[in-house]
Structure formats: C-alpha cells, structure tokens
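Visitor: I've got a model up on my screen and a handful of labels I'd like explained. Could you walk me through them?

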Amino acid sequence: MTAYDAIVELNDHTHWAFGTGFDDPLAGIDTSVLPGTDTAEQCLALGDDALIMSHRLAEWCTNAPELEDEVALANLALDLLGQARLLLSRAAQARANGETEDALAYLRAEHEFRNVRLVELPRGDFAHEMARLLVFSTWRLALFERLVDAPDPVLSAIAAKGVKELTYHQEYAAAWTVRLGDGTDFSHHRMAAALDAVWPYVDELFDSGEIRDGFDAAIRQVLEAATLAVPHVPGAARVAGKAGRDGVHTEAMGYLLAEMQSVARAHPGAAW
Amino acid sequence: MTEPRGDERSREERSRRERSELASERSERPVASAPPAGARESTGAAINESWPLWEVFVRSKRGLNHVHVGSLHAADPDMALHHARDLYTRRNEGVSIWVVRSDAITASSPDEKDPFFAPSGDKVYRHPTFYEIPEGVPHI
C-alpha cells in the first residue's frame, strides 16, 4: 500500500472535507531501465539540483520577510524535494547497485554531487533568492518541457509532473522580480545587485549546449517588465574547466552537506 | 490512517495570530531598510507598513460554491491570489479561489443578532420540507 492509496479519488471517506483525488505521478508506468542509456547520470544530476535547491529554499523557514512568503517558499522547496526523491530513486534504480534514494542524498561526499553551483550558493537576501529562483526555474522548466519526450518513461513522467510545478515557481519568482525591480529605487538596486550576484553561474547551466534561446527570451521578458537590464558580468571561475556537473563545487557546498547529512550520518540506518 | 490536518491547521492559525502580534511589533521597530532620498515612492507612507488583510474563498472539487477558508496579508490582488494558493490549497483542496479585501466586506453586528436572525427561527414553512423533491434535482 502506498501513501496514495488512502487518499485517491476512489476513496470515499467523507471526513476528508477537502483534498482528495491525489495522483501518483508514476502510476502505471513501465519502470524497466533501457540498457545503454545515460538515465542514471541524467537523473542524478537533475535530482541533485532539486535536492540542493530545495535545501536552500527550506532555509527560509523562520527567516522569510512575511509568513505568507515563508509558506510559499516552503511549498516550492517541497515541490523540489518531491522531484529530487523521484529522480534519485530512478537514478538508484538505473545504477542497479543496491543504493537507495536516501543513500544517494545522505551518504555521498561533496565531489560525488552533480548539482550546478547556482543552487548551492549561500542564502542571501530575499531579492537574491528571487533572482536565483527565476534563473533556476526558467532553466529547469525549459529543460523539463523537453524531457517530457525523454526515451525513459519514468523520467518523462517526472518531467510532466515537474513542468506544472516549475511553471508556478517561475511565475512566483517573476512576480517578485518585477515587484522589486519596478518598485522603489531602493528595491530596484537591491534586485539588480541580486541578479549580478547570481548571473556568473548562468553559463554553467548550459554546459551541454542546449535550450539557451528560450531561456534568454523568457528572462529578458521578465527583466524588461522589471525595468532591469540583463547583467554583463564575467562567468564564475572554474577549476581546470570543471564545475558543478563534474563534482567541483564552491566552498558553500561542504557546509550545506554537513548540515543536510548530519542526522543520517549520526544515526546510520535510523528509521522513523 | 490518522488525520494530521486538524493539528496542522490549528498550528497555522496559531502562527497567524502570533504573526499579527509580530506585525504590530514590527511597525514599532525602527525601519531597518529606509529608502534612500529621492526614492520613487514619495507618498510619505512607510515602505514596510503591513500589507492589507484579504479574505479567501475556495471552491473545492466537490463543492458547488466558494467557501470562506481564512484570511491573509498581501500587497495587491495578484499577490493575494498567489498567497491564497500557497496557504489554502496546499492539500489539493481547490479548483477556484476568490480573494477580497477584508475592508470591502460589510458585516452584520453581533448586537443586531436578535432583530436580524431571531424572526426566522420559527418559520419552518420556509423550508422546502413539505413536498417531495423529484429525483434528478440535486443540490436543494
């Protein structure tokens, strides 16, 4: 029995005044892994992006400027955590070496993480988070829209579910970017500074040389509405040409993992 | 299966109450991020003055009408809709949301309870209970 069984549409429990009809995103999908594909690597990279971004967004709990936005950011974090779980489970399945999603999330070392460096940057001010979220969700949405047609049926289903979530994430970030950029002089400067801080990590998102046009057009549209310019700043330095996807991270990554993995490492195999 | 919703709901409501206390505290605090001179917003109003209150109505999948579910703070109608989506439809509750500024609502006063509502208390004939409802006429 899965968590969904109790709350799917067929269930007629009237005490659920609201909120029935949940869908299992992987219901009825063939989960066998096609041989000779890079499903494991692809799912691992996308899962790591979601996991680390989710962790940074979750740090806003008790720190957001308004309670409403705190809940909103926590919702976005949970959407991404959900994507991370599905993707890491799939990566573990494709690797077929007995690992689980938990082992991948909590027992890998820094150099084994494949996330882009954008998501691990330390939490800045609210404008910084909105700039990062705008870039991240716009990029990931374009990526997922393409992955809906991925040969791997599980990845395709995860992408289809993710597209709806990311569309909302992008809308939320775009609304705040416009609100702050086209707000007061003060908020305009803070938003512009945030974009400048995030922008050096954009090039790395397109290392595999794809979908940049749609990304640029979408960002330009938001920034125009926000009376902001696309930043002209040099890309962040790499180490011997390597970056996040190669397992080379910024110094913030070690601290993040130390915190995120502390419980799992202090109590190996614990369950609750 | 246990039902975690009650707990969670009341926790959210509790933090909402605490928040309104926080908000009043916040407005007394010196403005940490005062706008520079010549800021575009020159209305004289403090920038971080607390956002107005909005009432939220959600129509559930099985419901026929929008039901009041709570309130929230937001700076404008679009933000209120987004916040309502994030606060009140997280558990797959809704298919439609209305938001309305709380100060746009005219409410009856508790003092007027008797003249307003008591007179209908003994008029059972106003209920359609004296004839049979034909099959195929739902929602009466």
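Guide: Sure, and keep in mind that this is a predicted model. Let's start with chain B: it has 140 residues, and 15% of them count as buried.

Visitor: What makes a residue of chain B count as buried?

Guide: It needs 20 or more other C-beta atoms within 10 Å of its own. In chain B, 15% of the residues get there.

Visitor: And which elements does chain B have, in what order?

Guide: Three helices and three strands, running α-β-β-α-β-α from the N terminus on. Take the chain B contacts between residues at least 6 apart in sequence: 39% of those join residues at least 24 apart.

Visitor: Over in chain A, why is helix H1(A) called largely enclosed?

Guide: Use that cut-off of 20 or more C-beta atoms within 10 Å again. In H1(A), 16 of the 20 residues are buried, so the rest of the structure largely encloses this helix.

Visitor: How do you know that the span of H1(A) is close to the expected one?

Guide: Helix H1 of chain A covers residues 39-58 and reaches 28 Å from first C-alpha to last, against 28 Å expected at 1.5 Å a residue.

Visitor: Why are H5(A) and H6(A) called oblique?

Guide: Their angle is about 130 degrees, with the axes 7 Å apart. Roughly perpendicular stops at 115 and roughly antiparallel needs over 145, so the pair counts as oblique.

Visitor: Which residues meet there?

Guide: Thr177(A), Leu180(A) and Gly181(A) from H5(A) meet Ser187(A), His188(A), Arg190(A) and Met191(A) from H6(A). By class, that contact has two nonpolar, four polar and one charged residues.

Notes. Residues numbered from 1 in each chain as written. Chains lettered and ligands numbered in written order. Predicted model: local features only at pLDDT ≥ 70, side-chain atom pairs only at ≥ 80, totals over all residues. Axes fitted to C-alpha atoms, helices over the stretch in contact; angles between N-to-C directions. Helix = DSSP H or I, 4+ residues; strand = E, 2+ residues; numbered from the N terminus. Contact = placed C-beta atoms within 7 Å. Nonpolar A, V, L, I, M, F, W, Y, C, P; charged D, E, K, R; others polar. Buried ≥ 20, exposed ≤ 12 C-beta atoms within 10 Å, placed from the backbone. Expected span 1.5 Å × (residues − 1).
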